[in-house]
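Reader: I have a new structure open and I'm not sure how to read it. Could you walk me through it?

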Amino acid sequence: KERLSEGQSWGKKYWLDTLPRAVARDDAGTPYWAESPYSASMERHPNDPDHGDRHTWDAQAKIEGYRTILPRFSSEFGHQSPPCIATLRESFPPEALMISSEALKLRQKAWGGDDFQYKPFLDARFRVARGFDEYVAQAQHLQARAMDVAMRWLRANAPRSMGALIWQWNDVWAGHSWSLVDVAGRVKPAWHAVRRACAPRLLSIEPTGDFVQLVGGQLEVVLVDDRAFEDVDEFTSARVRAIVQRIDFHGVVRAEVELSLTPHASGGLPAAS
């Protein structure tokens with residue numbers, strides 16, 4: 001920064017003038033987007049949730065906290081986890097396979113280290129891990145929960161929310177990361193969670209209104225069906241029957257209600273309270 005001349009920017013002319021003119025000239029009709037995140041205007045904050053795309057790393061408390069933010073297009077978000085245990089065994093000597101070992105700390109490149117990326121979420125949801133394998137499983141299931149919550153929330157809120165790009169798909173080494181697939185090609189639990197949450201037809205229960213802020217509100221059964229964008233007339237004439245049950249920890253059904261859902265053409269939306 002100290003080498004820039006007074007008034008000189010970090011290449012703003014390239015992003016907002018040179019490159020869009022080149023695209024328009026050489027590939028007419030192809031949309032040009034200057035940056036990510038970007039709100040389509042230098043007058044707005046680049047991470048404005050109401051315009052353009054947004055990187056969501058600031059969701060309060062993460063995981064369920066994803067429901068506190070609803071961008072138009074979520075172009076970067078994720079939750080960290082270790083690689084699969086088999087991959088760790090292939091990549092490290094046995095003495096390194098301990099919780100917060102020095103060898104694993106060297107491969108933690110995220111801000112705040114394990115104490116920030118894992119500890120508060122593990123402490124809030126799990127007992128203290130009794131061994132390294134259990135620790136890895138807990139951390140991976142946290143990631144799966146976070147990605148499931150985020151994807152369901154974004155899809156349920158179409159058409160305001162109309163796109164999501166996960167950070168990240170795969171990995172380059174056996175280290176802590178946000179990947180769904182580790183360096184050996186083994187899928188983490190989060191891969192399965194995202195696959196389910198991205199199914200063409202999805203029935204979910206989502207909090208709405210003040211419930212999102214954990215101070216009241218209600219739960220809504222939400223039907224998401226991508227056919228809404230293919231044949232609107234057929235889709236809106238369909239009716240879906242859903243059975244909602246409240247089950248205790250012993251598997252006993254404590255309450256049950258049957259709902260008749262009428263989809264709308266926005267893809268995903270509150271269908272019944």
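Author: Let's go through a sheet, a helix pair, a hairpin and one single residue. Keep in mind that this is a predicted model.

Reader: What does the secondary structure of the chain come to?

Author: The chain has eight helices and eight strands. Of its 273 residues, 40% count as buried. And among contacts between residues at least 6 apart in sequence, 53% join residues at least 24 apart.

Reader: Okay, sheets. How do strands of a sheet pair?

Author: The general idea is that strands pair through backbone hydrogen bonds, and they can run parallel or antiparallel. Here, take the open sheet of three strands: its order is β1-β2-β3, and the pairing is parallel.

Reader: Which strands stand at the edges, and why is one side of each left without a neighbour?

Author: Those are β1 (53–55) and β3 (164–166). Each has a single partner strand, so one side has no neighbour in the sheet. As for the twist, neighbouring strands of this sheet are turned by 15° against each other on average, ignoring direction.

Reader: How many bridges join β1 to β2?

Author: Three bridges link β1 with β2, which covers residues 73–77. You can pick out the partners: aspartate 53 pairs with phenylalanine 73 in β2, and arginine 54 stands opposite serine 74. Now follow serine 74 to the other side, where its bridge partner in β3 is alanine 164. Two bridges join β2 to β3, again running parallel.

Reader: Is β2 mostly covered or mostly exposed?

Author: Mostly covered, since four of its five residues are buried. Look also for helix α6 (residues 132–156), which packs on the sheet and touches β2 and β3. The direction of α6 makes about 170° with that of β2.

Reader: What should I look at when two helices pack together?

Author: Start with the angle and the distance between the axes. α6 and helix α7 (residues 189–197) pack at about 15°, with axes 8 Å apart. That angle is why α6 counts as roughly parallel to α7. The crossing of α6 past α7 is right-handed.

Reader: Which residues make the contact?

Author: On the α6 side they include Gln140, Ala144, Met147, Met151 and Arg155. On the α7 side you'll find Pro189, Ala190, Ala193, Val194 and Ala197. By type, the residues of this contact divide into eight nonpolar, three polar and three charged.

Reader: Where would I see antiparallel strands?

Author: Go to β6 (residues 240–247) and β7 (residues 253–261), which run antiparallel and are joined by eight bridges. Arginine 246 stands opposite alanine 255 in β7. Five residues lie between the strands of this hairpin, and in it glycine 251 takes a positive phi near 85°.

Reader: Last one: how do I read a single residue, say isoleucine 85?

Author: Ask where it sits, how covered it is and what it touches. Isoleucine 85 belongs to helix α2 (residues 85–91). Its relative accessibility is 22%, so isoleucine 85 counts as partly exposed; buried would need a value under 20%. Leaving out residues up to four places away in sequence, isoleucine 85 touches Phe132, Asp133 and Val136.

Reader: How far apart are isoleucine 85 and valine 136 in sequence and in space?

Author: They are 51 residues apart in sequence, yet 6.9 Å apart in space, C-alpha to C-alpha. Valine 136 lies within the 132–156 stretch of α6, the helix that packs on the sheet.

Technical notes. Residues are numbered from 1 along each chain as its sequence is written. This is a predicted model: local features need pLDDT of at least 70, side-chain atom pairs count only at pLDDT 80 or more; totals for chains, interfaces and linings use all residues. Side-chain values use heavy atoms; hydrogens and water are left out. Two strands pair if DSSP finds at least two bridges between them. Axes are lines fitted to C-alpha atoms, for helices over the stretch in contact, and angles run from 0 to 180 degrees between N-to-C directions. Contact means heavy atoms within 4.5 Å. Angles under 35 degrees count as roughly parallel, over 145 as roughly antiparallel, 65 to 115 as roughly perpendicular and the rest as oblique. A crossing is left-handed if the near helix is turned anticlockwise from the far one by less than a right angle, and right-handed if clockwise. Ala, Val, Leu, Ile, Met, Phe, Trp, Tyr, Cys and Pro count as nonpolar, Asp, Glu, Lys and Arg as charged, and the others, Gly among them, as polar. Buried means under 20% relative accessible area, exposed over 50%, partly exposed in between (1.4 Å probe, protein chains only).
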